[in-house]
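Here is a short set of exercises to work through with the structure open beside you. Try each task before reading its solution.

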Amino acid sequence: MSISSISNQNIYRSYESLASGKRINRASDDAAGLAIANKLESQSNSYDVGIRNAGTSQDMLKVADGALGSIAESLQRIRELSVQASNGLYTDADRGAIQAEIDQLKQSISDTASQTQFNTKNLLDGTMGSFQTATGPNGDGMEIQMPDATLKSLGIEDYDVSSGNFDLSVIDDALEKVNSARSGIGASSNRLDSVMAYNANASYNLTASRSRIEDLDYPKAISDMKKNDLLRTFQMMMQRRKVENENGRVLQLFRA
């Protein structure tokens with residue numbers, strides 16, 4: 001490396017790289033490297049967005065699971081009341097009082113199914129159906145099926161114990177549907193955990209790869225800067241000596 005090749009532009013770029021922490025600050029620094037680094041950054045950012053989307057979907061599933069848990073509790077109470085109404089010692093008036101409580105529990109289930117929302121979307125009234133969670137870097141992802149927990153879907157819309165002629169298995173079937181729905185939600189949530197772990201690992205490795213291409217090797221950069229500083233100092237000394245030698249020759253010519 002010749003002394004004359006050390007330019008002010010190189011000095012400026014050295015300090016620029018040290019200040020930014022980047023080996024590539026413009027396309028002219030490494031055109032191919034810049035293109036690859038940008039592509040890796042795009043992929044990494046997409047995986048990060050996928051993690052956020054998966055996390056949002058998990059929050060939605062937690063809301064739905066909590067609502068289904070409330071519905072399950074109401075169904076359990078309805079079953080208890082139904083067993084109580086099966087007792088032959090109760091009169092029609094007694095069963096009518098029991099039915100009044102059952103009607104209130106049914107209304108609670110209906111309200112929960114119709115009013116449980118996430119981001120203004122109804123979750124349990126059957127209108128949501130299935131939806132895609134964009135967890136992949138290209139906008140693809142997994143399908144999540146949301147349950148229908150309305151009275152009609154559970155089969156208890158007309159459930160009545162006041163006459164003493166009712167089928168307890170109807171409540172058992174409704175509980176089975178709710179439990180199955182909660183199991184499905186739990187499985188989807190666990191799958192989202194796996195997706196987020198994969199995305200985090202992929203994003204980390206993509207970022208590491210981009211860093212190796214784009215980021216500055218500080219020890220090497222500082223070493224190069226010190227070497228260039230030394231060469232510039234040496235250059236100035238040589239120029240000064242050259243000037244002194246030329247002045248000495250001129251003085252000798254005058255003396256001659």
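**Exercise 1. Find which residues line the second largest pocket, and say what kinds of residue they are.**

Solution. Start with the lining itself: in this predicted model, the second largest pocket is bordered by T56, S57, M60, F118, N119, K121, M128 and F131. Next, sort these residues by type: four are nonpolar, three are polar and one is charged. Then ask where they come from. Helix α2, residues 31–85, gives the largest share of the lining, with three residues. Finally, the space in this pocket comes to about 160 Å³.

**Exercise 2. Place N119 in the structure and decide whether N119 is buried or exposed.**

Solution. First locate the residue: N119 sits in the loop that joins β1 (117–118) to β2 (121–122). Now take its relative accessibility, which is 63%. Exposed means over 50%, so N119 counts as exposed. As a last step, look across to M60, which also appears in the lining of the second largest pocket. N119 and M60 are 59 residues apart along the chain, and their C-alpha atoms are separated by 8.7 Å.

**Exercise 3. Work out which side chain T133 meets in a polar contact, and list the contacts of T133.**

Solution. Begin with the setting: T133 belongs to strand β3, residues 130–134. Its relative accessibility is 2%, so T133 counts as buried. The polar partner is S57, with the two side chains making a polar contact at 3.0 Å. S57 is also one of the residues lining the second largest pocket. To finish, set aside neighbours within four places in sequence; T133 is then in contact with N53, A54, S57, D140, G141, M142, I144 and L192.

**Exercise 4. Compare A197 and N199: which is buried and which is partly exposed?**

Solution. Take the locations first. A197 is found in helix α5, residues 169–214, and N199 lies in helix α5 too. Then read the accessibilities. A197 has 48% relative accessibility and so counts as partly exposed, whereas N199, at 2%, counts as buried.

Now follow the side chain of N199. It reaches the backbone oxygen of T135 at 2.7 Å and the backbone oxygen of Y47 at 3.4 Å. Leaving out neighbours within four places in sequence, N199 is in contact with Y47, G50, I51 and T135. I51 comes up again with A197: the two are 146 residues apart in sequence, yet 8.3 Å apart in space from C-alpha to C-alpha.

**Exercise 5. Check the span of helix α3 and find what its buried residues pack against.**

Solution. Helix α3 covers residues 92–115, which makes 24 residues. From its first C-alpha to its last it reaches 34 Å, close to the 34 Å expected at 1.5 Å a residue. The buried residues of α3 are R95, I98, Q99, I102, L105, K106, I109, T112 and A113. With 3.6 residues a turn, residues three or four places apart in an α-helix point the same way. The packing partners of the buried residues in α3 are α2 and α4 (151–154).

**Exercise 6. Step back and describe the protein as a whole: how many helices and strands are there?**

Solution. Count the elements: there are six helices and four strands. In order from the N terminus, they run α-α-α-β-β-β-β-α-α-α. Next, consider burial: 32% of the 256 residues are buried. Last, look at contacts with a separation of 6 or more: residues 24 or more positions apart account for 71% of them.

Methods:
Residues are numbered from 1 along each chain as its sequence is written. This is a predicted model: local features need pLDDT of at least 70, side-chain atom pairs count only at pLDDT 80 or more; totals for chains, interfaces and linings use all residues. Side-chain values use heavy atoms; hydrogens and water are left out. On a 1 Å grid over the protein atoms alone, a cavity is a set of points where a 1.4 Å probe fits but cannot get out, and a pocket is an open set with protein on both sides within 12 Å along at least five of seven lines; lining residues have an atom within 4 Å of a point. Grid points are joined across faces, edges and corners, and a volume is the space filled by probe spheres set on the points. Helices (H or I, at least four residues) and strands (E, at least two) are DSSP runs, numbered from the N terminus. Ala, Val, Leu, Ile, Met, Phe, Trp, Tyr, Cys and Pro count as nonpolar, Asp, Glu, Lys and Arg as charged, and the others, Gly among them, as polar. Buried means under 20% relative accessible area, exposed over 50%, partly exposed in between (1.4 Å probe, protein chains only). A polar contact is a pair of N or O atoms within 3.5 Å; within protein, one must be able to donate a hydrogen and the other to accept it, and residues adjacent in sequence count only if both atoms are side-chain atoms. Contact means heavy atoms within 4.5 Å. The expected span of a helix is 1.5 Å times one less than its number of residues.
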